[in-house]
Each structure stands twice: as C-alpha cells, then as structure tokens.
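Me: I am new to this structure. Please take one part of it and go through that part closely.

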Amino acid sequence: MTKPLHVNEPVPRYGQLPPDADADLKGSLTAIRRAALRARLVAQQTGTDLIVVREGQVVRVSPLPETTP
C-alpha cells in the first residue's frame with residue numbers, strides 16, 4: 001500500500017469531543033477519521049477528487065498536494 005500524501009484540509013470545528021464522552025462515541029470519531037484517511041488514499045491512488053463540504057457548500061478537492069511553480 002502506498003503512503004498517503006499530505007492533504008491540506010482545514011480541521012473541522014466538530015472534531016473535538018466533550019470530556020464526558022463515552023467510549024463508544026470516542027471510538028466512532030476515531031473510526032470516522034480512519035475512514036477519511038482511507039478515502040484520501042484511495043482518491044490519490046485512483047486520481048479522483050474528494051467531495052467534501054466546506055462552509056455548507058459541496059466542493060471537489062484534489063487529494064494531491066498543490067505545487068507552486
């Protein structure tokens with residue numbers, strides 16, 4: 001398996017759990033993050049864009065890092 005490249009995605013505001021969150025909720029957030037990482041890896045391998053929601057808008061995001069000329 002290839003190593004995923006860094007994807008410059010903003011950290012979502014909903015990424016923090018309350019201190020009193022139970023173990024199931026903590027585990028589900030970990031699983032969602034793992035699934036997102038896997039989606040980025042597959043998108044890189046297949047040369048497809050990611051579809052994400054930013055500020056309430058659905059947008060396409062390249063999984064490859066932006067290069068500066």
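Reply: What follows is a look at one helix and what lies next to it. This is a predicted model, in which local features need pLDDT of at least 70 and side-chain atom pairs count only at pLDDT 80 or more, while totals for chains, interfaces and linings use all residues. Residues are numbered from 1 along each chain as its sequence is written, and side-chain values use heavy atoms, with hydrogens and water left out.

Helix α1 covers residues 23-46; helices here are DSSP runs of H or I with at least four residues, strands are runs of E with at least two, and both are numbered from the N terminus. The expected span of a helix is 1.5 Å times one less than its number of residues. For the 24 residues of α1 that gives 34 Å, and the end C-alpha atoms are 35 Å apart, which agrees.

The buried residues of α1 are Leu29, Leu41, Ala43 and Gln44, where buried means under 20% relative accessible area, exposed over 50%, and partly exposed in between (1.4 Å probe, protein chains only). Strand β1 (50-54) is included in what covers these buried residues, contact being heavy atoms within 4.5 Å.

Glutamine 44 has a relative accessible area of 14%, so it counts as buried. A polar atom of its side chain lies 3.2 Å from the backbone oxygen of proline 63.

Just after α1, glycine 47 has a positive phi of about 70°. Further along, valine 53 belongs to strand β1. Valine 53 is exposed, at a relative accessible area of 61%.

Key. Polar contact = N/O pair within 3.5 Å; in protein donor to acceptor, adjacent residues only side chain to side chain.
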